[in-house]
Amino acid sequence: GARSPGADAVAAAKLYLGVDYVWGGTDPSKGLDCSGLVQRAYRDLGIELPRVSYDQAKVGTKVDSIEQARPGDLVAFGSPVDHIGIYVGDGKIIQAPHTGDVVRISDIKRPITAIRRVIPDAPPPVAVEPA
């Protein structure tokens, strides 16, 4: 069956599991930081996002709660936002956590500041009126 676009974003991010965390990192061969991972995974799908988590947490549309979140949604933390990951489902995110760690899938442990849906759902089919 067709995967949702959000599932594609999760799959793209999973390609970087195990990559070293590097602050400011945007090159997977050298290391990624939290927003570098998010930006890279979406870029692999042809979607450009801002570079830093603070700005990434403003794109797309707001999701009201983690119960309504779908795989691929951005989950941001901190006030002001200082960390971001990609929701994988089941209360977990894929993230580049911090120096000395690697890209991994983890439980959400911090209060969530924002959840943003970058990829809109497929638009409903438009009914064409007969001429």
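**Figure 1. Strands β4 and β5 lie side by side as an antiparallel pair, joined over four bridges.** This close-up, like the ones that follow, shows a predicted model. Look for Val-75, which stands opposite Gly-85 of β5. Then follow the chain from one strand to the other: β4 and β5 make a hairpin, and five residues sit between them. In that turn you will meet Gly-78, whose phi is positive, at about 95 degrees.

**Figure 2. A second hairpin links β5 to β6.** Strand β5 covers residues 83–89 and strand β6 covers residues 92–95. The two run antiparallel and are joined by three bridges. Two places help you find your way along the pair: Ile-86 stands opposite Ile-94 of β6, and Gly-89 has Lys-92 in β6 as its bridge partner. Two residues separate the strands in this hairpin, and Asp-90 in the turn has a positive phi of about 60 degrees.

**Figure 3. Strand β7 pairs with β6 in the antiparallel sense.** Here four bridges connect β6 with β7, which is made of residues 104–107. As a landmark, find Gln-95 and its bridge partner in β7, Arg-104.

**Figure 4. Six strands come together in one open sheet.** Reading across the sheet, the order is β3-β8-β4-β5-β6-β7, and the pairing is antiparallel. Which strands stand at the edges? They are β3 (61–62) and β7; each has a single partner strand, so one side of each is left without a neighbour in the sheet. Two helices also pack on this sheet. Helix α1 (residues 5–14) touches β5, β6 and β7, and its direction makes about 115 degrees with that of β5. Helix α2 (residues 34–43) touches β4 (74–77), β5 and β6, with its direction at about 50 degrees to that of β5. Now take another look at β5: six of its seven residues are buried, so the strand is largely enclosed by the rest of the structure.

**Figure 5. Helix α1 has buried residues along one face.** The buried residues to look for in α1 are Gly-6, Ala-9, Val-10, Ala-12 and Ala-13. Why do they line one face of the helix? Imagine looking down the axis of α1: its buried residues fall within an arc of 160 degrees, so they share one face. And what covers them? Among the elements covering the buried residues of α1 are α2, β5 and β6.

**Figure 6. Helices α1 and α2 pack against each other at an angle of about 120 degrees.** A pair of packed helices is described by the angle between the axes and by the distance between the axes. For α1 and α2, the axes are 8 Å apart. The two helices are therefore oblique to each other, and α1 passes α2 in a right-handed crossing. To see where they meet, find Ala-9, Ala-12 and Ala-13 on α1, together with Leu-37, Ala-41 and Tyr-42 on α2, which make the contact.

Notes
Residues numbered from 1 in each chain as written. Predicted model: local features only at pLDDT ≥ 70, side-chain atom pairs only at ≥ 80, totals over all residues. Heavy atoms only, no water. Pairing = 2+ DSSP bridges. Contact = heavy atoms within 4.5 Å. Axes fitted to C-alpha atoms, helices over the stretch in contact; angles between N-to-C directions. Buried < 20%, exposed > 50% of the residue type's maximum accessible area, 1.4 Å probe, protein only. Arc of directions from axis to C-beta. Parallel < 35°, antiparallel > 145°, perpendicular 65-115°, else oblique. Left-handed = near helix turned anticlockwise from the far one by under 90°.
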